[in-house]
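I opened this entry to record what I looked up about one strand and its surroundings. The confidence values come before the strand itself.

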Amino acid sequence: MIETDILIIGAGPTGLFAVFEAGLLKLRCHIIDALPSIGGQLTELYPKKPIFDIPGYPSVQAGDLIKNLYEQIKQFQPGFTMNEIAKTIDKQPDGTFIVTTDKGTQHHAKAIAIAAGLGSFEPRKPLIDNITDYEEKGVEYFVKDPEKYKDKKIVIAGGGDSALDWTIFLADIAKEVTLVHRRNEFRGALDSVEKVQSLKNQGKVNLITPAEIVGIQGSGKVESLVIEKEEQTFEKEVDYFIPLFGLTPKLGPIADWGLEIEKNAIKVNNALDYQTNIEGIYAIGDINTYPGKLKLILCGFHEATLMCQSIYNKIFPDRKYVLKYTTVGGIQGFDGTVK
Ligand code: FAD
């Protein structure tokens, strides 16, 4: 049985940063993740994408942000159970919890922080009959290594931020980038839409709208796509087809834990501490929902911070905590408690 103060389910940016905030309060953390590596969506879906909205970093690659988060937390020596899914939870009579993974590892904790993001990642696939035949053979639902598209012809499909961001990013790497979207309007950030339009005007990106990919051709790998535009179809030679239609959230076993769920997310008390309907179980980051919720990394950081304060007060009801800044005395000497 692994013993800890806070058991964090999910090693995405939110779960990792929670270790830091808990460490400042001298609370021990252990993290479980279904994946073999830390970093959640940033590692799995977009390790090389630049992120522009982390305070203090004008631009940081997703993979580097995760490396830095690990650097920041390792001083607090968190435990990790990787490659295992948190499957069941049992509340004990004393209010503590036992969480068991799919591989049978048991964890005993005073509080639970669910930082499970989107749960398992399932990409939404375009409705093309033979698309599964070409998966890993030119059809890719995530961009993990942009360098592999160097000097290649790629077609991206989609109208959201992901499709726009990768179109902009890969325009400098690939031989030819074509963005296909079924509408003339895009759902992504206005700034990104303008950048794509400007790249099109400079001849660096092809834009085909309103249009849809209706067929994939090639022997053993993708060689061309059939595109339908205004009731006409035509073929386009391509090395890679990257449909970016978003992800279908799948909560997995957490859905059966008796938590209040709304639209695949866990309802929390955002006025106070991001606790769920079950006392002692918190939900932070992309996994939770409340009025005005934004699924952004910095929002997860904020939620993790308030959650740790609440857990501290629950574990040590008799101690009076006075917030000190981490610069006062440095982290090593930081106590955080006043008896
Ligand atoms: P996640 O990163 O989703 O991590 C959750 C972890 O929990 C995963 O590792 C998963 O394996 C694990 N898990 C789930 N269920 C279980 C279980 N039962 N047992 C064990 N482990 C489990 N946000 C920004 O702020 N700025 C951006 O520029 C930005 N760009 C983005 C670009 C793309 C293409 C995408 C897809 C998202 C982007 N986001 C961006 C959103 C950002 O990635 C998320 O807000 C962030 O990843 C949420 O972090 P998290 O730690 O809450 O969850």
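The notes below go from model confidence to strand 2 and its pairing partners.

**Confidence.** I noted at the outset that this is a predicted model. I looked up the mean pLDDT of the chain and found 92, with 93% of the residues at 70 or more. I then checked where the confidence drops, and pLDDT stays under 50 over residues 332-339. For that segment I recorded 14 contacts beyond four places in sequence. For the complex, I copied the predictor's ipTM of 0.99 and its pTM of 0.71.

**Burial of strand 2.** I turned to strand 2, which covers residues 29-33. Five of its five residues are buried, so I describe the strand as largely enclosed by the rest of the structure. I also asked which residues lie on each side of strand 2. C29, I31 and D33 are on one side, H30 and I32 are on the other, and I entered both faces as covered.

**Pairing with strand 1.** I found that strand 1, residues 2-9, pairs with strand 2 in the parallel sense over four bridges. Within this pairing, I listed H30 of strand 2 as the bridge partner of L7. I followed the chain from strand 1 through helix 1 (residues 13-24) to strand 2 and recorded this β-α-β crossover as right-handed.

**Pairing with strand 5.** I next looked up strand 5, residues 79-82, and its pairing with strand 2 is parallel, over four bridges. Here I31, one of the buried residues of strand 2, has F80 of strand 5 as its bridge partner.

Notes
Residues are numbered from 1 along each chain as its sequence is written. This is a predicted model: local features need pLDDT of at least 70, side-chain atom pairs count only at pLDDT 80 or more; totals for chains, interfaces and linings use all residues. pLDDT is the predictor's confidence in each residue, from 0 to 100. Two residues are in contact if their C-beta atoms, placed from the backbone, lie within 7 Å. A residue is buried if 20 or more other C-beta atoms lie within 10 Å of its own, exposed if 12 or fewer, and partly exposed in between; C-beta atoms are placed from the backbone. Helices (H or I, at least four residues) and strands (E, at least two) are DSSP runs, numbered from the N terminus. Two strands pair if DSSP finds at least two bridges between them. A crossover is right-handed if, with the strands pointing away from the viewer, the path from the first strand over the helix to the second runs clockwise.
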